[in-house]
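Me: I am new to this structure and would be grateful for a close look at a single part of it. Please place that part in the setting of the whole chain.

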Amino acid sequence: AYTLTGVIGLTLAKHFGGVSVFWPPAAIALAAVIRYGWRALPGVVLGAIAVNLISNPNLSAALAIAVGN
């Protein structure tokens, strides 16, 4: 769900000048952490890496952005 909504958010951002005001993966990540606790964080990080690899195939950049999320 995180990756799918992230791709949709990035697609919408391309149409509005590269800025995404609405980022649904943040709500999914928050809900997962509230529901499952810190055990959900590895899944959130993997989803963030997947979204960033889809938009930019540079692994080091994807890892840095995922850690920043």
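Reply: The account below begins with the whole and then turns to one residue, Thr5, and its surroundings.

The model is a predicted one. The protein has four helices and zero strands, and from the N terminus on its elements run α-α-α-α. The C-alpha trace spans about 35 × 25 × 15 Å along its principal axes. A compact globule of 69 residues would have a radius of gyration near 11 Å, and the protein, with 12 Å, agrees with that. Of the 69 residues, 26% count as buried. The protein exposes about 4800 Å², of which carbon and sulfur atoms supply 73%. Among contacts between residues at least 6 apart in sequence, 39% join residues at least 24 apart.

Thr5 has its place in helix H1, which covers residues 2-15. Its relative accessible area is 18%, and because buried means under 20%, Thr5 counts as buried. Two backbone oxygens are to be noted beside its side chain. That of Ala1 lies 2.9 Å from a polar atom of the Thr5 side chain, and that of Tyr2 is reached by the Thr5 side chain at 3.1 Å. Apart from neighbours within four places in sequence, Thr5 is in contact with Pro24, Pro25 and Ile28.

Tyr2 leads from this site to other parts of the chain. Once neighbours within four places in sequence are set aside, the contacts of Tyr2 include Pro25 and Ile28, as well as Trp23, Ala29, Val44, Gly47, Ala48, Val51 and Asn69. Tyr2 also belongs to the largest nonpolar core, whose seven residues are Tyr2, Ala29, Val44, Ala48, Ile49, Val51 and Ala66. Helix H3, residues 41-55, gives the largest share of this core, namely four residues. In soluble globular proteins, nonpolar side chains tend to be buried together.

Gly47, one of the residues in contact with Tyr2, lies in helix H3. Its relative accessibility is 7%, and since the limit for buried is under 20%, Gly47 counts as buried. Beyond neighbours within four places in sequence, Gly47 is in contact with Tyr2 and Thr3. Ile28, which is in contact with Thr5, is 19 residues from Gly47 in sequence, and the two are 11 Å apart in space, C-alpha to C-alpha.

To return to the part in question, Thr5 is a buried residue of helix H1, with Pro24, Pro25 and Ile28 as contacts beyond its sequence neighbours within four places.

Note on methods. Residues numbered from 1 in each chain as written. Predicted model: local features only at pLDDT ≥ 70, side-chain atom pairs only at ≥ 80, totals over all residues. Heavy atoms only, no water. Helix = DSSP H or I, 4+ residues; strand = E, 2+ residues; numbered from the N terminus. Buried < 20%, exposed > 50% of the residue type's maximum accessible area, 1.4 Å probe, protein only. Polar contact = N/O pair within 3.5 Å; in protein donor to acceptor, adjacent residues only side chain to side chain. Contact = heavy atoms within 4.5 Å. Rg over C-alpha atoms; globule rule 2.2 N^0.38 Å. Areas by Shrake-Rupley, 256 points an atom, 1.4 Å probe, with all protein chains shown as cover. Core = buried A, V, L, I, M, F, W, Y, C linked by side-chain atoms within 4.5 Å.
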